[in-house]
Amino acid sequence: MSHEHEHEHEILSEEDKAFIREKFEKEMIGTVPIKLLVSDGCEYCHLMEDLLRILADLSNGKIQLTIEEINEEYKNKLKLDKGPVILIGENEEIQYTGSPLGEEGWAFLETIVLASNKKHGLEDHADKLKNLNKKVRIETIVTPSCPYCPHAVLMANRIAIASEGKVVSDCVEAYEFPEIADKWNVTAVPTIVLSIEEPYSGQVFVVGLPREKQLIEAVTKAVSGE
Amino acid sequence: MTVRTHVVIIGGGPAGLTAGIYTSRLGLDTILIEKATLGGQVAISPFIENYPGFVSIPGPELTKRFIEHAETMGVQIKVPETVIDLELKGEVKKVYTDKNTYEADAVIITTGASRRKLNVPGEKEFAGKGVSYCAVCDGAFFKGKTVAVVGGGNTAVSEALHLTQLVRKLYIVHRRDDLRAEVALKQRLLDSPNVVPLWNTIVEAIKGDTVVRKLVLRDLKKDEVFEIDVDGVFVAIGYAPNSQLAAKAGVLVDEKGYIIVNRKQETNIKGVYAAGDVTGGVMQIGVAVGEAIVAAMSAFEHVTGGWYAKKKALKAVKIDFEKLKTKEKAIEEKEKKSLFKFKL
Ligand SMILES: Cc1cc2nc3c(=O)[nH]c(=O)nc-3n(C[C@H](O)[C@H](O)[C@H](O)COP(=O)(O)OP(=O)(O)OC[C@H]3O[C@@H](n4cnc5c(N)ncnc54)[C@H](O)[C@@H]3O)c2cc1C
């Protein structure tokens, strides 16, 4: 059975496709690698597979899509054992744990464009991010019906791009990955968790949408241990 | 960066977006600044059943239509960007945000209102750990669980109605013995099988460990304190206007903090207007929209010196009707499509 045909019709209408094709044509400059990790019995993996194939197609080769089963290496690295997980960028600096549907849709498209251009678009304060001496993970926990969430995710994604590999931005969809939401006792979104990767330590930074400057400062402070 | 424009609108709820549609169509360069999400409170309203033309429409859907409309008319939208200071008294108004400075001939304040907090022990501690102020965003964390909605107005009841579809049991905690909400909403809620009203009751504290576990309540009639087990608390006990910045800049507000305006939506400062929930009164979308239209017209008069005496060179009002048509289609399509639709 071909999943592509099963969903294609409902994921994106012809008008949506035309809109996205034009957006990608106008705004994407370079190429961007996107990797989708899937697993057996995963509810949204097929949908994501179809969606990303369509987006890759609309990007006229600028999205370099690979789709693979989540292997042991990734399971250990990401501390996850199921999909869908989407990794964007040469350093896989942008991660979507769970599918970017609902309100997240528009910010996901925006992220693809930014990552292809390696342009973060932060207004200010971005220089500090290049010289971080530790790796930081920004986890933004979201639900598909939260209109504030995509703004928080886009902010974190911009920070990841600006950091040139030091910051990983991970958008976690709470319904598909309740174990992650539970780990941080999240019952309201967006919740932003900041973690230093080694030695591992993490904590909830804020519930709600921070200002750009606040989030950048929190990232630099997390590294300097202030 | 400093940007010069005709009009700055502060807040992107229904009032702000409407004001933008009007000032843009009147040919004024319009910048709208929104700190959180366009649509304001409508973006998080489960459904709207009293905005003419729509028997029932989800808040997020109405929001998308407002945004498309404002964008098509050429409003320059800055989101997320937060206004942090204002200088309004001079001829050129200055609006300082966390990112830029804007200079404008007129400012329209449509900053709306925020939920009032309960101000009880535990509320701060458990914010985001069981205490929530947005049922649309957070409702599904409580699937199959027990929650309490505190409040008895339209907001409380429409959020409670949304939650009844998800939770096992819902307490509605209200300090009076009847809901203040529209009858159409009230009856539906009280008829829901999983709803337990607790009348004449107020919250005294929120208790828990890593997350919320219990509410400490006081029965006002019996003057007794008792506890109920809950997994979540949704707070909807009323509103406080977002008028602090305006007041600091010299805009007069009433004793509750609502901005004082006249029938032209003028504040006490020339060239400064306010509309929507921030001015109090009947806090509804239709009212916000209507007041915003008046504010936009007044701002236009102020900037141009009237319809005939156009002091300033205004950009030609050019509306691309072809673009409009495709946008209209796109909106229709969006209702059907799933990428931007909710999974739940
Ligand atoms: C759950 C719920 C259900 C509702 N149901 C209905 C209904 O059925 N029918 C109805 O008519 N009305 C309903 N309402 C009320 C309606 O949503 C409001 O009356 C309306 O949104 C008011 O519009 P506004 O533009 O004045 O303010 P808001 O919608 O509050 O928008 C104000 C905006 O200003 C922004 N802002 C504030 N300060 C700043 C700053 N410093 N810088 C930048 N931006 C700022 C805020 O982020 C916000 O987005 C409901 C409200 C809620 C919460």
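Helices here are DSSP runs of H or I at least four residues long, numbered from the N terminus. With that in hand, welcome to this predicted model, which scores ipTM 0.81 and pTM 0.88. One residue to look up early is Met48(A), which sits in helix 3 (residues 45-58) of chain A.

**Confidence**
- Chain B has an average pLDDT of 91, and 89% of its residues score at least 70.
- Please read residues 333-344 of chain B with care: the pLDDT there is below 50, and the stretch has 40 contacts in the model beyond near neighbours in sequence.

**Chain A as a whole**
- Chain A contains eight helices and eight strands.
- Its C-alpha trace spans about 55 × 35 × 30 Å along the principal axes.
- The radius of gyration of chain A is 17 Å, which agrees with the value near 17 Å for a compact globule of 226 residues.
- Buried residues account for 58% of the 226 residues in chain A.
- Of the contacts in chain A between residues at least 6 apart in sequence, 75% link residues at least 24 apart.
- About 9,700 Å² of chain A is accessible surface, and carbon and sulfur atoms hold 46% of that.
- Chain A carries 24 positive and 41 negative side chains, with 8 Å between the centres of the two sets.

**Around Met48(A)**
- Met48(A) counts as buried because its relative accessibility is 0%, and the cut-off for buried is under 20%.
- Leaving aside residues up to four places away in sequence, Met48(A) touches Leu36(A), Pro84(A), Ile86(A), Ser99(A), Pro100(A) and Leu101(A).
- For one of these partners, Ile86(A), the C-alpha atom is 8.8 Å from that of Met48(A), although the two residues are 38 apart along the chain.

**Cis peptide bonds in chain A**
- Pro84(A), a contact of Met48(A), follows Gly83(A) through a cis peptide bond with omega near -5°.
- Pro84(A) belongs to the loop between helix 4 (72-78) and strand 3 (85-88) of chain A.
- The bond from Val189(A) to Pro190(A) is cis, with omega near -5°.
- Pro190(A) is in the loop between helix 7 (178-183) and strand 7 (191-196) of chain A.

**Positive phi outside glycine**
- Glu92(A) is not a glycine, yet its phi is positive, at about 50°.
- Glu92(A) lies in the loop between strand 3 and strand 4 (94-97) of chain A, and counts as buried at 17% relative accessibility.
- Asp223(B), a residue other than glycine, has a positive phi near 50°.
- Asp223(B) is placed in the loop between strand 13 (212-219) and strand 14 (224-229) of chain B, and is exposed, with a relative accessible area of 53%.

Methods. Residues are numbered from 1 along each chain as its sequence is written. Chains are lettered from A and ligands numbered from 1 in the order in which they are written. This is a predicted model: local features need pLDDT of at least 70, side-chain atom pairs count only at pLDDT 80 or more; totals for chains, interfaces and linings use all residues. Side-chain values use heavy atoms; hydrogens and water are left out. pLDDT is the predictor's confidence in each residue, from 0 to 100. Contact means heavy atoms within 4.5 Å. Helices (H or I, at least four residues) and strands (E, at least two) are DSSP runs, numbered from the N terminus. The radius of gyration is taken over C-alpha atoms; the globule rule is 2.2 Å times the number of residues to the power 0.38. Buried means under 20% relative accessible area, exposed over 50%, partly exposed in between (1.4 Å probe, protein chains only). Accessible areas come from the Shrake-Rupley method with a 1.4 Å probe; for residues, only the protein chains shown count as cover. Lys and Arg count as positive and Asp and Glu as negative; His and the chain ends are not counted. The place of a charge is taken as NZ of Lys, CZ of Arg, CG of Asp or CD of Glu.
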